[in-house]
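This report examines selected local features of one protein model. Please consult the sequence and the coordinates alongside the text.

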Amino acid sequence: MKRLEEAYLDNRAEYQRRLEYYRSVLKRNRLHMRAADSVKLLPTADTDRDGMRTWRVREEVFLYVWMPVLTEYVEWVLEEAVKNGKKRLYFLARDGYMMYLMAKKLVEARGIDLDIRYLKISRFSIRSAEYYFIGKAALDTLCVGGIDISFEKIMKRANLTDDEALHIARLAGYTENYKKVLSYQQLCTLKKELSGIGQLFVYIKKHAKNCYKTTVSYLRQEGLLEGTPYALVDSGWVGTLQLSLQRVLEHEKTGKVRLQGYYFGLYERPEGTDAGQYRAFYFGEREIQRKIRFSNCLFETVFSAPEGMTQGYRLKEQELPESVYEAVENDSRNPNADVMEHFVKLLMQYASCYGGISDDRGAAPHKERVRFVESLLKPMMGNPTQWEAEAFGEMLFCDDVLELQLQPVAAWWDEEEMYKQRFVNKILIKLKLKSGTLHESAWAEGSIARFGKKPGNPMRQERLYKSFMYLRKVICK
């Protein structure tokens with residue numbers, strides 16, 4: 001018991017040093033320092049000591065790391081939009097929700113001529129409409145990798161019923177392996193096999209027909225088919241949502257549409273797209289160093305909305321002179337809804353204070369903003385303390401478009417798993433040159449820190465693996 005208490009005190013001291021570091025970074029920017037200090041931590045629900053400690057760490061890190069990061073990004077977006085003659089910004093659900101709230105506050109406080117809107121959309125909702133007219137190209141987004149991808153999950157992405165999915169499984173010879181997790185190589189093989197099954201595309205188009213009609217009606221209602229110069233704002237990563245949205249709008253207008261998107265980061269953009277349509281704040285396609293100590297999954301987990309995921313659209317049941325369409329969300333709310341609601345309260349306090357402080361310094365150079373953000377994100381994401389890893393790592397995440405099989409963003413790794421995750425072992429297992437199954441984690445650094453031992457070597461192993469993968473992608477492109 002004494003040893004456990006000593007370990008607790010050691011971890012607390014480590015976290016306090018980390019918190020002091022964050023404060024030292026914020027002192028470079030008086031607006032953020034004053035805003036963070038002015039927000040009184042909201043009372044948390046009665047919990048045991050561990051539960052209360054978890055909430056307190058989340059609150060402190062949210063104020064001293066996540067809020068300055070979000071604000072700097074939104075400031076950059078607003079500046080870019082005005083500079084490029086945009087009159088409207090659509091912040092995309094759900095990653096863009098907190099960005100939207102901050103943007104509304106800043107635009108109102110500073111009298112900026114921008115129409116700020118929140119668009120209920122998801123990869124699943126827009127792809128369900130896109131599948132109506134793209135034929136076999138649907139496989140490019142149906143057969144993409146992720147955590148624990150199976151034949152069954154691919155059929156659900158396509159909106160097929162259980163009977164239809166089992167029919168396709170029989171035609172493809174996957175009845176026995178219907179729920180089996182597929183490797184990347186198996187996924188590529190399956191994609192080729194499915195391309196030759198015509199009945200699959202009959203089913204897909206049948207379900208997509210109505211999705212297309214209601215989706216276009218919603219988009220028209222929200223002004224995306226108007227002539228107003230607008231841009232999209234989102235977290236980013238690969239840019240496929242923007243491409244799908246553009247295809248749907250072009251199909252409806254039967255003409256060329258050029259969408260502009262502002263993103264926190266871009267690992268890559270869809271092949272054949274114009275680089276000028278995808279603007280990145282923190283890192284772009286060829287950037288490697290910032291990606292190594294960044295977790296897009298953790299970013300999405302923290303910056304979200306309490307609402308459920310948008311699954312599609314429908315005509316609202318009410319008597320009005322004109323038709324009104326609304327988003328249809330899944331049956332459950334965000335799995336981290338309670339945390340999101342708490343974060344939103346802190347955000348609104350922070351935004352009110354930050355927006356109300358006058359600043360005569362003018363717009364900060366982009367590089368200066370990025371360096372400031374990096375000094376906060378690099379330790380938090382790339383080398384978290386055990387307290388940070390526990391507080392944020394236990395929040396739930398899913399990388400699939402349908403949010404199936406939720407798991408902690410920092411999966412729990414035991415000693416055996418830590419050994420398998422070493423750089424050489426990991427590569428050999430992935431190449432099938434060594435036996436074993438890897439338990440993937442959405443935030444590997446968080447999993448390493450949760451393990452509780454000195455993280456130096458495992459962290460270096462993870463950075464080495466990321467460096468190899470990103471460098472390989474840049475070279476091969």
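The sections below treat internal cavities, backbone geometry, a buried glutamine, the cysteines and two distant residue pairs.

## Basis of the report

The model discussed here is predicted. Statements on local features are limited to residues with pLDDT of at least 70, and side-chain atom pairs are considered only at pLDDT 80 or more.

## Internal cavities

Four cavities of 30 Å³ or more are present in the structure. The largest cavity encloses about 50 Å³ of space.

Nine names make up its wall in the following grouping: four nonpolar, two polar and three charged residues. The lining of the largest cavity consists of Arg-123, Phe-124, Arg-127, Ser-128, Tyr-131, Thr-141, Leu-142, Arg-157 and Val-401. Two helices, helix 5 (123–134) and helix 6 (139–142), each provide at least two residues of this lining. Of the contributing elements, helix 5 gives the most, with five residues.

## A cis peptide bond at Arg-94

The peptide bond between Ala-93 and Arg-94 is cis, with omega at about -15 degrees. Arg-94 is located in the loop that connects strand 1 (88–92) with helix 4 (97–110).

Is Arg-94 buried or exposed? Its relative accessibility is 12%, and because the cut-off for burial is under 20%, Arg-94 counts as buried. Apart from neighbours within four places in sequence, Arg-94 is in contact with Tyr-118, Phe-303, Ser-304, Ala-305, Glu-307, Gly-308, Met-309, Asn-334 and Glu-403.

## Positive phi outside glycine

Trp-237 is a residue other than glycine with a positive phi, near 95 degrees. Trp-237 belongs to strand 3 (residues 230–237). With a relative accessibility of 7%, Trp-237 counts as buried.

Lys-432 is likewise not a glycine and has a positive phi, of about 65 degrees. Lys-432 sits in the loop between helix 18 (423–430) and helix 19 (444–451). Its relative accessibility is 62%, and because exposure is set at over 50%, Lys-432 counts as exposed. The two positive-phi residues thus occur in opposite settings: Trp-237 is buried, whereas Lys-432 is exposed.

## The surroundings of Gln-277

Gln-277 is placed in the loop between strand 4 (261–266) and strand 5 (278–283). Its relative accessibility of 8% classes Gln-277 as buried.

Which backbone atom does the side chain of Gln-277 reach? The partner is the backbone oxygen of Leu-259, at 2.8 Å. Leu-259 also appears among the residues that Gln-277 touches, which are Gln-242, Gln-246, Arg-258, Leu-259, Gln-260 and Gly-261 when residues up to four places away in sequence are not counted.

## Cysteines

The count of disulfides in the model is zero. Cys-297 is in no disulfide, and the nearest cysteine sulfur, that of Cys-398, is 9.9 Å away. Because a disulfide requires two cysteine sulfur atoms within 2.5 Å, this distance does not qualify.

Cys-297 has a relative accessible area of 12% and is buried. For Cys-353 the relative accessibility is 22%, and this residue counts as partly exposed.

## Two distant pairs

Lys-345 forms part of helix 14 (residues 337–356). At 53% relative accessibility, Lys-345 is classed as exposed. The separation between Lys-345 and Lys-209 is 136 residues in sequence and 40 Å in space, taken from C-alpha to C-alpha.

Ser-195 is in helix 9 (residues 184–195). Its relative accessible area is 26%, so Ser-195 falls in the partly exposed class, between the limits of 20% and 50%. Ser-195 and Ala-81 lie 114 residues apart in sequence, with a C-alpha to C-alpha distance of 41 Å. With residues up to four places away in sequence left out, Ser-195 touches Lys-136, Leu-139 and Phe-201.

How values were computed:
Residues numbered from 1 in each chain as written. Heavy atoms only, no water. 1 Å grid on protein atoms, 1.4 Å probe; cavity = no way out; pocket = protein on both sides within 12 Å on 5 of 7 lines; lining within 4 Å. Points joined across faces, edges and corners; volume = space filled by probe spheres on them. Helix = DSSP H or I, 4+ residues; strand = E, 2+ residues; numbered from the N terminus. Nonpolar A, V, L, I, M, F, W, Y, C, P; charged D, E, K, R; others polar. Buried < 20%, exposed > 50% of the residue type's maximum accessible area, 1.4 Å probe, protein only. Polar contact = N/O pair within 3.5 Å; in protein donor to acceptor, adjacent residues only side chain to side chain. Contact = heavy atoms within 4.5 Å.
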